[in-house]
Amino acid sequence: MPEGAWSCSDCRAGKKPHYKQIVWVKLGNYRWWPAEICNPRLVPSNIQSLRHDIGDFPVFFFGSHDYYWINQGRVFPYVENDKNFVTGQININKTFKKALEEAARRFQELKAQRESREALEQERNSRKPPPYKFIKSNKPVGKVQMHVADLSEIQRCNCRPSDDHPCSLNSQCLNRMLQYECHPQVCPAGDSCENQCFSKRLYAETEVVKTDDRGWGLKTNQVLRKGDFVTEYVGEVIDSEECQQRIKRAQENHDRVIDAGPKGNSSRFINHSCSPNCETQKWTVNGDVRIGLFALCDIEADTELTFNYNMHCVGNRRTTCNCGSDNCSGFLGVQPTSAVVMEKEEKARNAKLKPKKRKLRLEGKHAHEYFCFCCGEGGELVMCDRKDCPKAYHLLCLNLTKPPYGRWECPWHDCSVCGVPASSLCDFCPRSFCREHEVGALTPSSLEGRPCCSSHNPVSPLDSNSSSTQLRHSALSPVRVKEELEPEPGKPATE
């Protein structure tokens, strides 16, 4: 037993029970009994008048059809197929058997209602993009200042009005080479200048479309040539302080960021790709820095536009990439395969030109696994910060509603029985054991003798029958439904 006060993983994560939830209830010396949490306003008046404390809520017992007020400490979530745990038991009275059947039917009914609502919401969302406020130009937020240059400070190019397409992509315009947009009052080419795409909003014809597996995207309705200006990335310009308030973990060191989430233009729908057909460029327009998207290659009409987000993983979360490119890295923020090869080749060439230096090993750097250690699926993962531990998990598999902040170590390193640092680990799930509880807990498996716990078959420990769903509740949440053989609960309150 844990010493002192102890809280389960749901309470530590701030997870609360909710109305119309099926739960197991422990009442006095009676066995755990299936019940449904009720809204206090919807129970009979005599039940409402019963004495209860703040935080208590009424439950409806299946089988006996009684009501009672209970608190969170005496309930445990019911999960699918929980009624099967009594299979093979004897001395199960009729009322409890009836309660199990009613709870299973009600659970499936509520599950069907929830899935129907989710399908309806998904179908509604698929008709149009998520709402946002359209803006034509960047909007500063908070303390951010937008820079406006004096005309005397704006760089002047050497183009002439008589040139063919002055200041164009194929010209020798100095401003274009330095990624400066010409100013209409300063450029010697005057009205013939073709380097004012940002100011004049000379965007390509595009259309927001629904993709098969990446939500909404943006496609071009016209042919684009390599180097053509596609559109400007427009949104709210925020500083690091505002960024931290929005995403709670920014580390930009006073850099400015353009956030096109709540406000922006159609560029906010452009998806990521490890083999993009567009790229972002920083241009100076009238003294201020703006972001434009330019074609990396010739693009045919009716083609989806993409660019590489070049995200850096902040904290210990990682998001799956679904771009489908041949060189896809698998996760946002991870370099594509071809880029890695090119980087290695470039380093090899540079090494021949420079004297060799002794490389220092960076401590604490290690690669993480791409799949959840509990369920084996990919997706958005939380990664262990312990040195040399490659394990990663889904938030749901950890029974967490929010990602952990700061340094976090996964449950694989703590004893599943008492929570103290573990000395023996199961190689196939997060269960682990301290020296006191490791005797007989692990068995050598057929896979190179790797240790496995009782949740796996030593002959085939990777078999899907070793349910990862069961592991989430057994390894990461020590509370279990007790199988006692006491009689049914009395009728503490009747209608």
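**Exercise 1. Accessibility and a salt bridge across loops**

Is Asp 427 buried, partly exposed or exposed, and what is its relative accessible area? Then identify its salt-bridge partner and place both residues in the chain.

Solution. The model is a predicted one.

Step 1. The relative accessible area of Asp 427 is 26%. Buried requires a value under 20% and exposed a value over 50%, so Asp 427 is partly exposed.

Step 2. Asp 427 forms a salt bridge with Arg 450, with an N to O distance of 3.1 Å. The cut-off for such a pair is 4 Å.

Step 3. Arg 450 sits in the loop between β24 (443–444) and β25 (451–452), while Asp 427 sits in the loop between β22 (424–425) and β23 (432–433), so the salt bridge ties together parts that are 23 residues apart in sequence.

Step 4. Arg 450 has a relative accessible area of 30% and is partly exposed.

**Exercise 2. Two further salt bridges and a network**

Find the salt-bridge partners of Arg 160 and Asp 228, and classify each residue by accessibility.

Solution.

Step 1. The partner of Arg 160 is Asp 163, and their closest N and O atoms are 3.6 Å apart.

Step 2. Arg 160 is exposed at 52% relative accessible area, whereas Asp 163 is partly exposed at 27%.

Step 3. The side chain of Asp 228 meets that of Arg 225 in a salt bridge of 3.7 Å, N to O.

Step 4. Asp 228 is buried, with 17% relative accessibility, and Arg 225 is partly exposed, with 48%.

Step 5. Salt bridges can also join into networks: Glu 36, Arg 106 and Glu 109 are linked in this way. A search of the whole structure gives 12 salt bridges.

**Exercise 3. Cysteines**

How many disulfides does the structure hold? Check the result with Cys 323 and Cys 453.

Solution.

Step 1. The structure holds zero disulfides.

Step 2. For Cys 323, the nearest cysteine sulfur belongs to Cys 321 and is 3.5 Å away. A disulfide needs two sulfur atoms within 2.5 Å, and Cys 323 is in no disulfide.

Step 3. For Cys 453, the closest cysteine sulfur is that of Cys 429, at 3.6 Å, which is too far for a bond.

Step 4. Cys 323 is buried at 15% relative accessible area. Cys 453 is buried at 2%.

Step 5. Cys 297 is partly exposed, with a relative accessible area of 33%. Cys 297 is located in the loop between β16 (288–295) and β17 (303–304).

Step 6. The C-alpha atom of Cys 297 is separated by 7.1 Å from that of Gly 227, although the two residues are 70 residues apart along the chain.

**Exercise 4. The loop between α4 and α5**

Which residues make the nonpolar surface patch of about 370 Å²? Describe Tyr 180, Gln 179 and Gln 185 as well.

Solution.

Step 1. The patch is made by Leu 174, Met 177, Leu 178 and Tyr 180.

Step 2. Tyr 180 is in the loop between α4 (174–177) and α5 (197–200). Its relative accessibility of 33% makes Tyr 180 partly exposed.

Step 3. Gln 179 is placed in the loop between α4 and α5 and is partly exposed at 27% relative accessibility. The phi of Gln 179 is positive, about 60°, although this residue is not a glycine.

Step 4. Gln 185 also lies in the loop between α4 and α5. At 62% relative accessibility, Gln 185 is exposed.

Step 5. Gln 185 and Arg 156 are 29 residues apart along the chain, and their C-alpha atoms are separated by 10.0 Å.

**Exercise 5. Positive charge and positive phi**

Which residues gather in a patch of positive charge on the surface? Locate Lys 133, then treat the backbone of Lys 20.

Solution.

Step 1. The patch of positive charge on the surface gathers Lys 133, Lys 136, Lys 139 and Arg 201.

Step 2. Lys 133 belongs to strand β6, residues 133–134.

Step 3. Lys 20 is a residue other than glycine with a positive phi, near 65°. Lys 20 is found in the loop between α1 (9–12) and β1 (22–25).

Key:
Residues are numbered from 1 along each chain as its sequence is written. This is a predicted model: local features need pLDDT of at least 70, side-chain atom pairs count only at pLDDT 80 or more; totals for chains, interfaces and linings use all residues. Side-chain values use heavy atoms; hydrogens and water are left out. Buried means under 20% relative accessible area, exposed over 50%, partly exposed in between (1.4 Å probe, protein chains only). Patches are made of residues with over 30% relative accessible area and no salt bridge: like charges are joined within 9 Å, nonpolar side chains (Val, Leu, Ile, Met, Phe, Trp, Tyr) within 5 Å. Accessible areas come from the Shrake-Rupley method with a 1.4 Å probe; for residues, only the protein chains shown count as cover. Helices (H or I, at least four residues) and strands (E, at least two) are DSSP runs, numbered from the N terminus. Lys and Arg count as positive and Asp and Glu as negative; His and the chain ends are not counted. The place of a charge is taken as NZ of Lys, CZ of Arg, CG of Asp or CD of Glu.
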